[in-house]
Amino acid sequence: MGSQQIDIVMLPFMAHGHLIPFLSLATQIHHRTGFNIAIANTPLNIQYLRSTFLQHQNPPPWIHIFELPFNSAGHGLPPNSENTENLPLDQIDIIKKQGKPPLCIISDVFVGWVVEVANIMNTVNITFATGGAYGTLALFSFWLNLPHRKTDSEEFNLPGFPERCKFHVSQLHEFMRKADGNDSWSRFLKSQFSSSLQSFGWLANTAEELEPLGLDSLRKYTQFPVWPIGPLLPKQLLNKSPLSSSSSTTQHAGKSPGISAEKCVEWLDMHDLASVLYISFGSQNTVSRSQMMELAIGLEKSWTPFIWVIRPPLGFDLKAEFRSEWLPEGFEARMKESNQGLLVKNWAPQLEKLSHKSTGAFLSHCGWNSTMESLSQGAFNSKMLVDEMGVSVELTRGVQSSISSEKVKEVIGIVMEKEGKGGDMKRKVGRDCTPDKGSSER
């Protein structure tokens with residue numbers, strides 16, 4: 001660390017979908033203020049963060065990386081389980097080093113205990129919500145109130161939302177439906193969320209224009225400042241400029257793709273304007289075996305070109321080799337021969353796909369990072385997107401729900417329309433699907 005002053009300390013939650021927004025936030029803060037920033041996390045997550053820097057895998061001089069000792073086996077976890085991506089769902093002293101505390105500590109909403117640490121250090125704590133305003137409020141309100149337990153109806157209201165915003169138990173994951181206040185999820189999240197509400201204020205990875213209802217509701221609920229500082233995406237994407245180099249993807253995501261960006265772009269270049277469906281369920285999610293099979297059948301029936309970032313179905317090792325038996329017989333070969341589909345195993349450079357002119361829709365798990373990336377490019381990405389923003393169509397609700405190939409075909413038909421409901425959704429997100437003058441649409 002040398003003699004450099006640490007101005008801000010950041011403590012992200014241990015998940016890829018949280019680490020990258022924190023790194024993006026650190027970059028923006030430094031570029032605007034010149035502050036030196038420290039990010040603290042466990043060793044494997046620090047290794048992941050280092051991999052996002054292109055030159056010699058070393059961070060720039062203004063960012064400092066601190067490893068917090070962590071023994072996963074000591075907590076009943078498998079070896080090397082320092083990140084949620086490696087798990088199923090089911091020490092740092094800045095004052096001693098530089099003689100005074102940092103200006104503030106920016107922490108994740110899931111690590112509310114940092115508020116007390118900041119108070120002890122006589123500094124300020126700011127909480128960073130990486131998941132947007134609407135979704136963060138829904139999550140907090142649910143776990144702090146468990147409203148589904150206070151009614152016999154399958155529909156319920158969440159404190160903090162307008163009366164018209166009805167939520168349904170089918171929108172809840174199984175562990176949320178079972179939550180009663182005494183389960184381990186409830187005990188942990190209520191404690192952390194209650195502490196996070198004692199912060200000086202919150203930063204939200206969203207924009208006022210994108211989430212007016214969410215931000216207004218969140219401010220009223222928390223009763224302290226909430227500053228929208230997003231979307232935390234590369235400037236090229238926000239300016240509608242396509243990314244042509246895989247290096248930008250590696251820097252943004254910290255992963256090596258299963259297929260080169262060049263090959264994906266080459267495949268997309270062969271297809272019509274706004275004609276391709278991009279399918280990805282995030283870095284930590286997958287679908288059930290039956291859902292995967294019906295999705296594949298529906299895709300083939302739709303005749304819609306698609307790129308599918310595919311991984312083993314639920315119940316199998318997500319890092320294992322993909323088996324052809326999880327798809328209809330001969331499916332991958334037919335898609336390759338007809339050029340209808342491109343199957344990418346495990347992970348792909350998502351930003352390049354969404355920024356390409358041929359991408360017309362996005363089938364997603366609705367994680368906030370994917371949502372921000374898709375909306376920035378006009379593709380589609382559940383309740384806020386469908387009911388409040390009108391830019392999405394719901395296909396199914398979690399792995400507990402079943403889907404049919406006919407439903408897949410129907411929904412694909414809707415979102416790929418250039419008129420009607422699909423056209424309305426495209427216009428709402430500013431996606432221009434009109435061919436350039438002088439060119440012909442194949």
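This tour proceeds through a series of selections in the structure. The model is predicted, and residues are numbered from 1 along the chain as its sequence is written.

**Stop 1: strand β2**

Select isoleucine 39, which is placed in strand β2 (residues 37–41). Is isoleucine 39 buried or exposed? With a relative accessibility of 1%, isoleucine 39 counts as buried. Now add methionine 10 to the selection: the two residues are 29 apart along the chain, yet their C-alpha atoms are separated by 4.7 Å. Leaving aside residues up to four places away in sequence, isoleucine 39 touches Met10, Pro12, Leu23, Ala26 and Ile46. Its contacts also include Leu49, Ile63, His64, Ile65 and Phe66.

**Stop 2: the largest nonpolar core**

In soluble globular proteins, nonpolar side chains tend to be buried together. Here the largest nonpolar core has 30 residues. To find it, select Phe142, Trp143, Leu158, Phe161, Phe167, Phe193 and Val226, the residues with the most contacts inside this core. Next, colour the elements that give two or more residues to the core: α5 (133–145), α6 (174–177), α7 (184–196), β8 (201–204) and α8 (212–222). Which of these elements gives the most to the core? It is α5, with eight residues.

Within this selection, centre the view on valine 226. Not counting residues up to four places away in sequence, valine 226 touches Trp202, Ala204, Leu215, Leu218 and Arg219. Apart from this core lies another, of 28 residues; Leu295, Phe306, Leu327 and Val415 are among them.

**Stop 3: strand β10 and its partners**

Select strand β10 (residues 276–280) together with β13 (residues 359–364). The two strands run parallel and are joined by five bridges. Two residues of β10 serve as guides to this pairing. Valine 276 has threonine 359 as its bridge partner in β13, and tyrosine 278 has phenylalanine 362.

Now add β11 (residues 306–310) to the view. Strand β11 also runs parallel to β10, and three bridges join them. Tyrosine 278 appears here again, with isoleucine 307 as its bridge partner in β11. Tyrosine 278 therefore has a bridge partner in β13 as well as one in β11.

How many residues of β10 are buried? Five of its five residues are. In a regular strand the side chains alternate between the two faces of the sheet. For β10, both faces are covered: Val276, Tyr278 and Ser280 are buried on one side, and Leu277 and Ile279 on the other. Strand β13 is likewise mostly covered, with six of its six residues buried.

**Stop 4: the largest cavity**

Rolling a probe the size of a water molecule over the atoms shows where empty space is left. The largest cavity in this model has a volume of about 60 Å³. Select Phe281, Asn285, Val309, Ile310 and Arg311, which lie nearest its centre and belong to a lining of eleven residues. Strand β11, visited at the previous stop, gives the most to this lining, with three residues. By class, the lining comprises six nonpolar, four polar and one charged residues.

**Stop 5: helix α12 and the loop after it**

Select glutamate 300, found in helix α12. Glutamate 300 counts as partly exposed, at 23% relative accessibility. Add glutamine 340, which is 40 residues away along the chain; the C-alpha atoms of the pair are separated by 8.1 Å. Apart from residues up to four places away in sequence, glutamate 300 touches Phe331, Arg334, Met335 and Gln340.

Then move to tryptophan 303, in the loop between α12 (289–302) and β11. Most residues other than glycine have a negative phi, and most peptide bonds are trans. Tryptophan 303, however, has a positive phi, near 60 degrees. Is tryptophan 303 buried or exposed? Its relative accessible area is 70%, so it is exposed, the cut-off being over 50%.

**Stop 6: the loop between α13 and β12**

Finish at asparagine 339, in the loop between α13 (331–338) and β12 (341–345). Asparagine 339 is not a glycine, but its phi is positive, at about 65 degrees. With a relative accessibility of 26%, asparagine 339 counts as partly exposed.

Terms used: This is a predicted model: local features need pLDDT of at least 70, side-chain atom pairs count only at pLDDT 80 or more; totals for chains, interfaces and linings use all residues. Side-chain values use heavy atoms; hydrogens and water are left out. A nonpolar core is a set of buried Ala, Val, Leu, Ile, Met, Phe, Trp, Tyr and Cys residues joined through side-chain atoms within 4.5 Å. Buried means under 20% relative accessible area, exposed over 50%, partly exposed in between (1.4 Å probe, protein chains only). Helices (H or I, at least four residues) and strands (E, at least two) are DSSP runs, numbered from the N terminus. Contact means heavy atoms within 4.5 Å. On a 1 Å grid over the protein atoms alone, a cavity is a set of points where a 1.4 Å probe fits but cannot get out, and a pocket is an open set with protein on both sides within 12 Å along at least five of seven lines; lining residues have an atom within 4 Å of a point. Grid points are joined across faces, edges and corners, and a volume is the space filled by probe spheres set on the points. Ala, Val, Leu, Ile, Met, Phe, Trp, Tyr, Cys and Pro count as nonpolar, Asp, Glu, Lys and Arg as charged, and the others, Gly among them, as polar.
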